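Visitor: I'm new to this one. Could you pick a single part and take me through it closely?

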Amino acid sequence: MSDTPNASASRTMQELSTGLPDPLTIPDARRRIREANESGNRWVIVLDDDPTGSQTVHDTPVLTSWDADDLKWAFDQPGHGFFILTNSRGFNDDEAREQVSEVARAVEREARKRGAEVALIARGDSTLRGHYPLETDVLITQAATAGMPFSALLLAPAYFPAGRVTVGDVHYVGTGDTFVPVGLSNYAKDATFGFSASTLPDYIEEKTGGAIAATDVISIGLEDIRKGGPERVRDILLGCTDAQPVAVNLLEEADLDVVVLGLLLAEEQGARVLTRCGPSFPGARLGIAARDPLTHDEIFAGGERPGHGLVVVGSHVELTTRQVAHLHAEVTDIETVVVDVPRLLDPAGSGPELARVGEALISALGRTDVVLASSREQITGDSGHSSLVIAQTVSAVLVALTEIAVSDATPAWVIAKGGITSSDVATGGLKIRRAMVAGQLFPGIVSVWLHVGEDNPALSGLPYVVFAGNVGADDTLAEAVKILRGDART
């Protein structure tokens, strides 16, 4: 397997755009998508493999539990869709398989009660890390068993605000105006979910172990989108059978709107389409138009909360380390409490280390805002599985410490940095089962959830900021803290 020649070097946006037709902008596209969902009683359900998939939506429910009462609550909210946090990216293969299967069955049961049609999205990482093809295989098998097979599987990892775009089937990771093929980025070296390919067809062949050849993958190109419009996308999808993989090229939001409108046309003619995507796709599929970033006053519309803020940092990517350093330079009165990971992983030292950090955390929260972080030297195991186990162990301790903070010094707000960390803090530390995505702190990145507080009224309205490890600039974390403190953009 080898990438095509244009997957071997970085590009500028101008170079990526050279020779392409102008974007096709369809007026009121998002409104048309919303109306189509409503008229068809179609519910868009996003199975999110970590909490960062909601960065392009607002006023949208999110669940971390999928029992009957929680699903009923989500289906009863305005709009025709919601997110369910599966956290499968933090699980091993068997755990992920079981989780996704259980969630899909629960959704289908509730949808049947309501006579609703469900459009499933398996939201994954925009840098292609995660349980692919495992998750989509589970959903494809269950649908076929139920007599409702998928005809196509869209792969659309684009995430425009974070510089993740796909051109000529090559998926790129952008920083500033430099776009690097994803297989050459540090993300491709992930200890658990690493890969080498940069083109989506080659990635599919690599991750399926050759079960699906790159030559068997259909592409929706930017020529198709910009010259053929929704009708061309519809025709491509109507030609698919047996969950045919379809690589979706996307360079900007207008391209995505065309694809979704074409998908709706195909569904009207009987196509059944499953989507594996990055964060940009769900917002378009739900028909949600962009809104301005949230201000401090909007976040705390119900009034200021007592206490101090808590920033929980589990991510070890280089960008997060720089962001934490910048935070300390910009917000000088914030304190840091560090969990010593080597001591934590030592059976003899883990108990004393947890006790030490817990005491230090409560003491610091009594004085000021606090950063709770794992020590910055990343420790990996000798395999992808053992590295995941180490990450899970560290995350479990951060969750336990967040629980202590909630119990003994309820924070005014919480930021969680990193995918696994933000999921575990939400479900374990803050006991969130239901929340509303209020919006984002910055254009297209860093979501704010508002805790519904169904099990703990004291936490109702608590702002919980889901901050992916790999998004933003060096100063973005500091700016987020300033907004929550009321120091900026009121």
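Guide: Sure, let's start with a side-chain pairing: histidine 80 and tryptophan 43 make a polar contact through their side chains, at 3.5 Å. A polar contact here is a pair of N or O atoms within 3.5 Å; within protein, one must be able to donate a hydrogen and the other to accept it, and residues adjacent in sequence count only if both atoms are side-chain atoms. Before we go on, this is a predicted model, where local features need pLDDT of at least 70 and side-chain atom pairs count only at pLDDT 80 or more, while totals for chains, interfaces and linings use all residues. Residues are numbered from 1 along each chain as its sequence is written, and side-chain values use heavy atoms, with hydrogens and water left out.

Back to histidine 80: a polar atom of its side chain also lies 3.4 Å from the backbone oxygen of arginine 42. Leaving aside neighbours within four places in sequence, the residues in contact with histidine 80 (heavy atoms within 4.5 Å) include Asn37, Glu38, Asn41, Val44 and Leu286.

Where does histidine 80 sit along the chain? It is in the loop between α3 (68-76) and β3 (81-85). Those labels come from DSSP runs numbered from the N terminus: helices are H or I with at least four residues, strands are E with at least two.

Now follow α3 itself, which meets α4: Ala68, Leu71, Lys72, Phe75 and Asp76 in α3 touch Ala106, Val107, Glu110, Ala111 and Arg114 in α4.
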